[in-house]
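Open the model in your viewer and keep the selection tool at hand. The stops below go from the whole chain to single residues.

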Amino acid sequence: MENENHEINDYTFLSEESVEKHFADINILLLSGKHIDHKYYLEYTVLESYESHWRNFYSRLYKLNLVADISDRSRYYYLDFTENGKGKLSDASRNKEITELQTLIGLTLLDMYYQKYFDEEKIIYWNDIKIQILESDHQEAYKRILFNDIRDSYDEKEWSTVENKFGKTIDSFDKLGWVQKQSGRNEELVFEIRPAIHRLAKLYPEELQNFESFSQQLKNDEVL
């Protein structure tokens, strides 16, 4: 890896063979909000090899920070706004914040990540989510928000509606690199939670620390 303190003032790295070959994929992934870890081995390696060059590239051209973050001993890259502004992706048509429901589901997945902390791959099945909803410490909040009723059991149609909500959120999180889908469109929901899910802890620290208050506010505001 390059010397982080060396200031890069040109874009000659773009002519390097490996950069030329993967530039389009890297640029599209990062600008779409993707968090790139070692699962994207080729793109990750090119980013790591020319990290300071890429950082200068996005800072100068897009007014964005290329962040190299580490969670659970896994390193990943993503773009973030600079401290002095929101860069060239701040327009609503280019930058979309996650919804309240996605935030709730994301915090739920973060909790499930910690439950599987010692598993090399944090694979989640739909049945795992059902158990989380029915038996976790936050079960009343989940039931109140997702089913609008607190009961011991729910019928197949009710579960199907909730699974559909989770499925749409998993699709969005897969695009961000927070999860990696293992199932197809018409299959039961299966995915791997990636270390980048910890970005949620940085984006929503108050909601994470005060989950019950956050979940109660969601229902009160009827945002779901």
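In this predicted model, 60% of the contacts with a separation of 6 or more are between residues 24 or more positions apart. With the whole protein selected, you have 224 residues, of which 42% are buried. They include 10 helices and five strands. The accessible surface is about 12,900 Å², and carbon and sulfur atoms account for 44% of that area.

Next, select residues 156-176, which form helix α7. The end C-alpha atoms of α7 are 30 Å apart, and this agrees with the expected span because 21 residues at 1.5 Å a residue should cover 30 Å.

Within α7, colour W159, V162, F166, G167, T169, I170, F173 and L176: these are the buried residues of the helix. Residues three or four places apart in an α-helix point the same way, because there are 3.6 residues a turn. Now show what covers the buried residues of α7; among the covering elements are α4 (100-115), α5 (126-135), α6 (139-146), β4 (179-181) and β5 (190-193).

Move to the ends of α7. At the N-terminal end, D155 acts as a cap, with a side-chain oxygen 3.2 Å from the backbone nitrogen of K157. Just past the helix, select G177, which has a positive phi of about 85°.

Which residue in the loop between α6 and α7 should you select next? Pick N148, which sits in that loop. N148 is not a glycine, yet its phi is positive, about 60°. N148 is exposed, with a relative accessible area of 57%.

Finish at D72, in the loop between β1 (64-71) and β2 (74-81). D72 is another residue other than glycine with a positive phi, near 55°.

Methods: Residues are numbered from 1 along each chain as its sequence is written. This is a predicted model: local features need pLDDT of at least 70, side-chain atom pairs count only at pLDDT 80 or more; totals for chains, interfaces and linings use all residues. Side-chain values use heavy atoms; hydrogens and water are left out. Helices (H or I, at least four residues) and strands (E, at least two) are DSSP runs, numbered from the N terminus. The expected span of a helix is 1.5 Å times one less than its number of residues. Buried means under 20% relative accessible area, exposed over 50%, partly exposed in between (1.4 Å probe, protein chains only). Contact means heavy atoms within 4.5 Å. A polar contact is a pair of N or O atoms within 3.5 Å; within protein, one must be able to donate a hydrogen and the other to accept it, and residues adjacent in sequence count only if both atoms are side-chain atoms. Accessible areas come from the Shrake-Rupley method with a 1.4 Å probe; for residues, only the protein chains shown count as cover.
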